[in-house]
Amino acid sequence: MRAFEGQLSDNRPIKRDAKQKKAQLEALKVRLASMKSHESPALRESVKKKIAELETELGGGRR
């Protein structure tokens, strides 16, 4: 049961401001750079996709 409507467990996307998105982008870039060669290709592609999405949202569509 839920304590109240609208709590974080309601399966809604978390809203982030530009500062939080930039921090997440940098963290993902570090994560991608530190991935070992034996890590899952699907995980690597997922991180690359999220990086591309964040760069597009922030207006820096560079790769």
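**Salt bridges in the predicted model**

The side chains of Glu39 and Arg31 meet in a salt bridge, with 3.0 Å from N to O; the term denotes a side-chain nitrogen of Lys or Arg within 4 Å of a carboxyl oxygen of Asp or Glu. Glu39 is buried, at a relative accessible area of 18%, while Arg31 is partly exposed at 32%. Here, buried means under 20% relative accessible area, exposed over 50%, and partly exposed in between (1.4 Å probe, protein chains only).

The structure is a predicted model, in which local features need pLDDT of at least 70 and side-chain atom pairs count only at pLDDT 80 or more, whereas totals for chains, interfaces and linings use all residues. Residues are numbered from 1 along each chain as its sequence is written, and side-chain values use heavy atoms, with hydrogens and water left out.

Searching the whole structure yields 5 salt bridges. One of them joins the side chains of Glu57 and Lys21, at 2.6 Å from N to O. This pair links distant parts of the chain, 36 residues apart: Glu57 lies in helix α2 (residues 41–57) and Lys21 in helix α1 (residues 18–33). Helices (H or I, at least four residues) are DSSP runs, numbered from the N terminus. Glu57 is partly exposed at 46% relative accessibility, and Lys21 is partly exposed too, at 21%.

Turning to a pair within one helix, Glu53 and Lys50 form a salt bridge whose closest N and O atoms are 3.9 Å apart. Because these residues are 3 apart in helix α2, about one helical turn separates them. Glu53 is partly exposed at 34% relative accessibility, as is Lys50 at 30%.

Terms used:
Helix = DSSP H or I, 4+ residues; strand = E, 2+ residues; numbered from the N terminus.
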